[in-house]
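Got your viewer open and your selection tool ready? Let's take a walk through this model, one stop at a time.

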Amino acid sequence: MKATLDRSVPRIGAPAAWQAGHTGKGITVAVLDSGIDTGHPDLAGAVVGAQDFTGSASGTADGFGHGTHVAGIITGDGAASSGRYVGVAPDATLLNGKVLNDNGLGLESWAIAGMEWAVQQGARVVNMSLSGSVGPGAEDLMSETVDRLTEQSGTLFVVAAGNAGPNAGTVGSPGTAERALTVGAVDGGDAMADFSSRGPTNPGGALKPDVTAPGVDIVSALAEGSRFAQWYAAVDGHYVSLSGTSMATPHVAGAAAILAGEHPGWQAVEMKASLMGTAAANHEASVYAQGAGRIDVAAATKRPVYVTPSSVDGRTVAWPHADDQPIDTALTYHNDGDTAVTLHLEAQVQDPAGHAAPAGMFTLPTADVAVPAHGTAVAHLVADPRVSGPDGQYQGYVVATGGDTVVHTPVALNREVESYDVHVAVIGPDGVPVTDHDLFGVSFADVRTGFSAGTAGSTVRLPKGTYFVTSNLAVAIGTDDVEWRYVSGAEPSYTVDGSKTFVFDARKAKPIGFKLDRPGAALAGSANIGYFRTVAGQVWSDETIGPPERYTVVPSQTSAPAGQFTYRVAAMAGRAGKGAFSGSPYAYAIEWKHDRNVPDDLTPRLRDSEFARVEHRIANSGPDQEAWLGAVGPLTTPASITELRTPELPWQSAVALFRAGGGPDDANLQTVYYPLDATYRRGQVVVKHWNCGVFGPGLAPHPWFSPYLVRDGAYIGFGVPLFGDQSGADRIGYSRPDTARLVLSKDGQRIGESTYDSDAFQVPDEPGTYRLEAQVTRTNAAYSTQLSAVWTFVSSRVDATALPALAVRFAPALDDHNLARAGTAKYPVTVQQQAGATYGNLTTLTVEVSYDDGRTWRPAKVQGTGLNRTVTVHHPAGTRFVSLRATAADDRGTAVTQTFIRAYGLR
């Protein structure tokens with residue numbers, strides 16, 4: 001269900017507040033974000049102060065687009081939409097504090113400086129549609145700053161919960177601040193957005209978020225020239241639709257501005273209490289997801305009664321519960337109205353299973369209170385964890401009603417299940433205990449429930465159970481020129497049934513590797529070390545990738561049931577020698593798995609007979625050319641290398657070509673071929689040929705890159721791999737061009753141009769016939785030095801859909817230098833179709849040939865039917881190169897014309 005701004009603003013009751021004269025007039029809201037496009041028609045004159053804390057070249061302008069969208073939700077006047085997309089508080093003014101750069105990234109120090117500045121400038125409300133993570137044991141400086149500034153100034157900080165949901169414990173900083181008004185997101189029907197971060201806070205276990213607001217498909221102001229303007233389709237020219245708690249937060253900030261205008265004397269405590277007390281709770285959602293519920297600013301402006309504290313958070317009562325004491329919370333009801341109000345109070349609290357809490361566990365000794373006009377009255381909620389009932393999280397509301405007045409107060413209490421303190425001790429390779437929490441991490445996950453916890457200190461509190469424990473330690477070698485080494489390990493089934501000490505001892509770590517049959521074999525490139533455990537019915541993993549010589553592993557002391565845990569190492573190997581693996585005649589592609597535990601032997605013996613064998617033949621396509629098979633190389637082309645592969649291993653090694661002396665760490669890549677996944681049986685022998693012409697566009701459905709020609713809303717994206725080799729059905733190829741040019745036209749009118757070999761173009765919604773021209777040149781190879789293609793297809797607005805695209809591919813018989821014999825040659829010509837689109841019958845397939853680099857052309861004979869045919873070409877003696885031009889078309893308006901200058905050579 002969608003909630004565009006013209007629907008989300010009424011959803012929270014803002015128009016009713018406007019009608020009552022409450023529009024945020026005279027109130028300044030600080031937007032700490034990526035800047036604001038002050039030239040947007042909806043924000044004309046809204047920004048009354050600005051400061052850049054990022055050092056961006058663009059200053060306080062919004063090069064990213066996020067801040068402008070947020071600003072429009074708060075106070076946009078809808079000028080560019082004839083009043084359709086109006087913000088929550090259209091008469092409020094803004095302070096533009098740029099704390100995120102033009103890539104949407106920022107530092108804690110920028111955000112903190114922005115908070116200080118906003119308060120100094122007199123902002124009554126501060127909007128922070130941003131969220132960060134705080135590592136275990138690290139100080140949460142942003143949350144501390146929010147709490148300090150709120151207490152000092154009375155400014156209300158409205159903060160996004162984050163977009164890391166739906167798991168519990170995912171609220172980010174500074175949304176974890178106690179005094180912040182932390183906001184989750186709902187859709188247009190008040191259902192929780194799946195992405196919205198949930199509480200309780202971790203660490204701390206506090207009740208967050210505090211409220212929710214619409215945050216799904218919100219249409220608001222689009223910053224001109226920003227990254228958002230490039231990435232997303234514009235709505236009505238000046239707007240964009242986005243989702244996130246970032247969009248929900250300014251709805252609440254705008255509502256707070258309305259209350260601040262109505263009540264000049266109110267500060268953060270009163271505004272927060274009013275918005276929470278009048279929120280509409282969704283009874284399908286937990287208080288740890290929604291807090292008090294979706295805000296209702298109309299109710300907040302009409303109802304003068306609010307309560308402090310605005311939530312009752314009993315946090316965690318430690319197990320065992322024999323010595324528990326009742327928790328008495330005083331609830332002070334404030335009445336800012338001119339008429340006394342009598343309230344009836346009821347505790348509506350559920351146990352961990354969703355049933356009513358046991359009688360006597362949550363009581364209100366005084367169920368009725370009279371709140372005098374402009375006065376207060378106190379009631380008490382007593383939570384008694386001694387009352388017999390299931391252990392776990394209790395949550396619900398104290399609901400106070402009286403006439404038209406309804407005040408909701410979220411209630412949460414964790415009556416801890418049987419739990420124990422586990423002390424974590426990490427011992428370095430030198431036998432010295434490691435106390436710097438920045439150097440290590442130890443993580444526990446209950447294999448039955450999925451409850452997880454990390455080490456925020458030296459002790460972690462864990463419910464009784466069996467845990468998957470992963471540990472990692474960084475070790476600095478040397479003092480001046482430090483080199484880092486890494487130790488990891490996993491315990492598949494660590495039992496917590498009492499207070500104990502978990503020890504991760506790096507002295508027990510061992511190197512990883514394999515004993516292989518081929519002489520001189522050593523691991524090459526990076527290794528992937530992974531620990532996989534079935535947790536709560538799903539596979540959880542902890543993986544590390546890096547140079548294998550820098551990684552050691554601690555064997556486990558526990559074991560999981562068969563099929564419940566896997567230790568895996570994936571790596572390549574080759575013959576080590578001078579210049580890395582130069583000239584290695586073989587390579588290994590290994591994925592080794594061990595069930596149940598991490599074994600003592602981390603360098604197992606693997607025999608060649610256990611592998612499949614792939615014989616790679618890599619042709620030469622230019623001078624001084626070297627090839628790499630994955631991490632093994634360089635190999636002077638033409639080259640042959642035998643690859644021994646773990647049976648049924650799907651990932652395939654890429655083949656990359658460099659100028660002599662280059663390699664995987666060299667940015668001067670010439671060409672790279674990415675194969676599709678494939679598996680081979682033990683003992684199977686396969687021969688694969690690489691870098692054989694004709695080099696040209698390919699449309700093989702690679703899982704990482706395809707589709708290559710796509711329509712997504714108001715954009716058409718082009719990324720066709722332009723330099724695939726002859727084996728185009730099982731791989732794609734990219735080459736670094738010297739020049740590139742793309743031109744997109746619709747119904748004969750040019751609508752976009754680019755100097756890149758891949759790009760996206762904004763296009764109109766109406767259906768039409770498109771023509772996309774691509775022209776590239778390259779000098780890093782002797783063949784396909786000039787390549788051009790013209791794609792024709794029909795399209796109209798549709799979301800994320802592959803467009804119909806054709807590619808013509810040739811497979812002549814060539815030697816290992818991409819040379820053909822003189823004389824007559826007949827070879828396959830194939831029309832390839834991009835997967836995921838609809839095609840008609842192929843009606844045209846013509847081929848022309850040139851022997852003078854495309855100055856003159858003559859037709860070639862094409863035979864056969866369907867997509868797979870043959871072409872007959874004459875190779876005149878004395879000619880050095882053959883160029884090709886082909887046209888293919890179907891009866892649905894899809895066509896392509898491709899030209900390959902110097903497609904291959906003649907000998």
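Which residue in β12 is the bridge partner of Y306? Select Y306 and look across: the partner is H334. Before we move on, this is a predicted model, where local features need pLDDT of at least 70, side-chain atom pairs count only at pLDDT 80 or more, and totals for chains, interfaces and linings use all residues. Residues are numbered from 1 along each chain as its sequence is written, and side-chain values use heavy atoms, with hydrogens and water left out.

**Stop one: a sheet**

Stay with β10 and select 327-335 too, which is strand β12. (Strands are DSSP runs of E, at least two residues; helices are runs of H or I, at least four; both are numbered from the N terminus.) β10 and β12 run antiparallel and are joined by four bridges. Strands count as paired if DSSP finds at least two bridges between them. Now widen the view to the open sheet of four strands, in the order β10-β12-β16-β14, with antiparallel pairing. Its edge strands, β10 (305-308) and β14 (362-363), each pair on one side only.

**Stop two: a covered helix**

Next, select 268-277, helix α8. Eight of its 10 residues are buried, where buried means under 20% relative accessible area, exposed over 50%, and partly exposed in between (1.4 Å probe, protein chains only). Among the buried ones are M271, L275 and M276.

**Stop three: the cores**

Now select F718, W791, F793, F810, L884 and Y904: they have the most contacts inside the largest nonpolar core, which has 73 residues. A nonpolar core is a set of buried Ala, Val, Leu, Ile, Met, Phe, Trp, Tyr and Cys residues joined through side-chain atoms within 4.5 Å. For a second, separate core of 48 residues, pick out V29, A71, L156 and A279, which it includes.

**Stop four: salt bridges**

A salt bridge here is a side-chain nitrogen of Lys or Arg within 4 Å of a carboxyl oxygen of Asp or Glu, and the count comes to 36. Try R179 and E151, whose closest N and O atoms are 4.0 Å apart. R179 sits in the loop between β5 and β6 and E151 in helix α5, so the pair ties together parts 28 residues apart in sequence.

Then pick R461 and E416, which meet at 2.9 Å, N to O. R461 is in strand β22 and E416 in the loop between β18 and β19, 45 residues apart. E416 is buried, at 9% relative accessible area.

Last selection: K593 and E591, another salt bridge. Add E543 and R568, and you have one network joined by salt bridges that share partners.
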